Amino acid sequence: MIVRLDGALARRTLALALLLLWPLILFGRPSHIADSASYLKGGRVAVEFVAAKLFPLPVAAPGAGPPAASERGGPGLHDAPKGARSVTYSVAAYWLRWPGVDMTALALVQTICAAFVGAVTLMVLGVAGWGRFLAVASVLAFATPLAPLCANAVPDVFSGFVIVTLILTTLFLDRMSLGVRLVTAALTSFAVTVHASIPPLAMGMVIVGGIILLLGKRFGLARPRWAWAWLIIPPGFGLIANTAIGYVAFGEVSVAAKRFPTALTRSVVDGPARWYLEKHCATEHYAVCEVFGTRIPSTINDFLFYERGLNGRATPEQMDRIRAEEAEIVMKAAMEYPGYEAYNLSRGIVRQLFRYDLGKGRFKERLALDAQGSPQLVLSGRHIQPVMVAVGMLNNLVLGLCVAWMAVNLKRIDNRERFSALLVLAGLVGNAAIVVIFSSLSPRYQARVIWVIPLFLLGMAAAHYRSKTRGVPESGTNL
């Protein structure tokens, strides 16, 4: 069965998208967190910066002085920001902010992308009948975090997209037409640019996928022509795009330009970097020591985000130096406290793997413009925690059933499906390790990828249900 850009795929994508829309229909708007406002503000700055380059204002008369900030359209990207989030996602959030600043259009686009990814996955797994497709799609929509993730105005859901698309590229390329491959590749490339934690996740998936491609023939796996190119080029293009955007926007050659020093923050909060700095700030000339001296805050917000933290006290020049010195401080702190660091990280990764609830703040806040026209979080007046608790309980039940089905049917499924399960596990472990090492332990970070388990395992179960034989997929690359 070759999945093509045709009516069959369109109908299944539409059906799954309609099911995934229930949070937007029930609550009337996307869910927002503080990051949502940051993306919207950053997108406005980026769009105004590009507009100023394409349509410059007339040269002022001699002696007229520089234009006011309102005439220039606000600050530009080169006005020495202390930190920045993804430019691509910020621009998307700004363009898709309708209606008003709710970003409902952004949530709709994320929902369509999720529906396309889910429909393609179920079809390449062999879920052809409408009954089985709708059954799995309903579970994905109502009993996993996928629908709330699509309705969340931050790029969390794209982490799961990267895991799924790279599994499809590694193992099911021969079941995807050229058109489907191109759309999947474009989605992979864009996903790599939307959050700093996704490039290392994508690279890890490429490495594991590459190993499977190398060993695949020993296990009877097909390796279509250009398989390596389809696996490597899309995430590679995303990395190149990120680097180019960082250079144009900030004059910095980096795949995560102007990122916040989250790895340093994690080590400070955990202890090693804080202890190291308290011991060495008197003799070392670190920029972070210029800000705090030897009294290093011990919480994330106090160290990084609050007005008394780096975001409020450090100058743009100091933040650049802090980013440059971050790896050195984190590594030296780990070497000075190796046992504690190893124990703390390993414990954190294990805990992160099993913390994937949707949190208590979903849909409790919304975005509104203040007197200056800047988006801010305000209370929405909605109390929907019981709904999220119910979704979390159903998700736990579904995960248990998926694991049980895999244990019972491990010998029945074929090697392609076994390697799919292996890559799903690699993606989940890789995501947990990346966020714990470079950011912090948070249920939100694992919830953004946990839905990949039901997508693949329920898809396999539905394809095998009452099937005595497995059809041999056709090959081809027609649109």
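In this predicted model, a nonpolar patch of about 650 Å² lies on the surface and is made by Ile 207, Ile 211, Leu 214, Leu 215, Phe 219, Trp 228 and Ile 232. Two helices, H11 (198-215) and H12 (227-250), each supply at least two residues of the patch. Helix H11 gives the largest share, with four residues. Ile 232, one of the patch residues, lies in helix H12. Its relative accessible area is 42%, so Ile 232 counts as partly exposed, the range for that class running from 20% to 50%.

In soluble globular proteins, nonpolar side chains tend to be buried together. The largest nonpolar core of the model holds 106 residues, and the members that touch the most others are Phe 158, Phe 161, Trp 451 and Phe 456. Helix H6 (residues 104-125) contributes 13 residues to this core, the largest share. The surroundings of Phe 456 were examined with neighbours within four places in sequence left aside. Phe 456 is then in contact with Thr 121, Leu 125, Val 164, Ile 167, Leu 168, Phe 172, Ser 420 and Val 424. Another core, of 23 residues, lies apart from the largest one; Cys 289, Phe 303, Met 319 and Val 330 are among its members.

Side chains of opposite charge can pair when their charged atoms come close. The count of salt bridges in the model comes to 14. One of them joins Asp 35 to Arg 444, with 3.7 Å between the closest N and O atoms. Asp 35 belongs to helix H3 (residues 34-54) and Arg 444 to helix H22 (residues 443-450), so this pair ties together parts that are 409 residues apart in sequence. Asp 35 has a relative accessible area of 15% and is therefore buried, as the limit for that class is under 20%. Arg 444, at 18% relative accessibility, also counts as buried.

A second bridge connects Lys 258 with Asp 320, where the closest N and O atoms are 2.7 Å apart. This pair links distant parts of the chain, 62 residues apart: Lys 258 is in the loop between H12 and helix H13 (262-270), and Asp 320 is in helix H18 (residues 316-336). With a relative accessible area of 6%, Lys 258 is buried, whereas Asp 320 is partly exposed at 33%.

Within helix H18, a further bridge is formed by Arg 321 and Glu 317, with the closest N and O atoms 3.4 Å apart. These two residues are separated by four positions, about one turn of the helix. Arg 321 counts as partly exposed, with 24% relative accessibility, and Glu 317 is partly exposed as well, with a relative accessible area of 44%. Elsewhere, salt bridges that share partners join Asp 35, Arg 85, Asp 156 and Arg 444 into one network.

Arg 444 also takes part in the surroundings of Ile 33. Ile 33 lies in the loop between helix H2 (22-27) and H3, and at 26% relative accessibility it counts as partly exposed. When residues up to four places away in sequence are not counted, Ile 33 touches Val 154, Leu 377 and Arg 444. The C-alpha atoms of Ile 33 and Leu 377 are 7.4 Å apart, although 344 residues separate the two along the chain.

Definitions and conventions. Residues numbered from 1 in each chain as written. Predicted model: local features only at pLDDT ≥ 70, side-chain atom pairs only at ≥ 80, totals over all residues. Heavy atoms only, no water. Core = buried A, V, L, I, M, F, W, Y, C linked by side-chain atoms within 4.5 Å. Buried < 20%, exposed > 50% of the residue type's maximum accessible area, 1.4 Å probe, protein only. Contact = heavy atoms within 4.5 Å. Patch = residues over 30% accessible without salt bridge, like charges linked within 9 Å, V, L, I, M, F, W, Y side chains within 5 Å. Areas by Shrake-Rupley, 256 points an atom, 1.4 Å probe, with all protein chains shown as cover. Salt bridge = Lys/Arg side-chain N within 4 Å of Asp/Glu carboxyl O.
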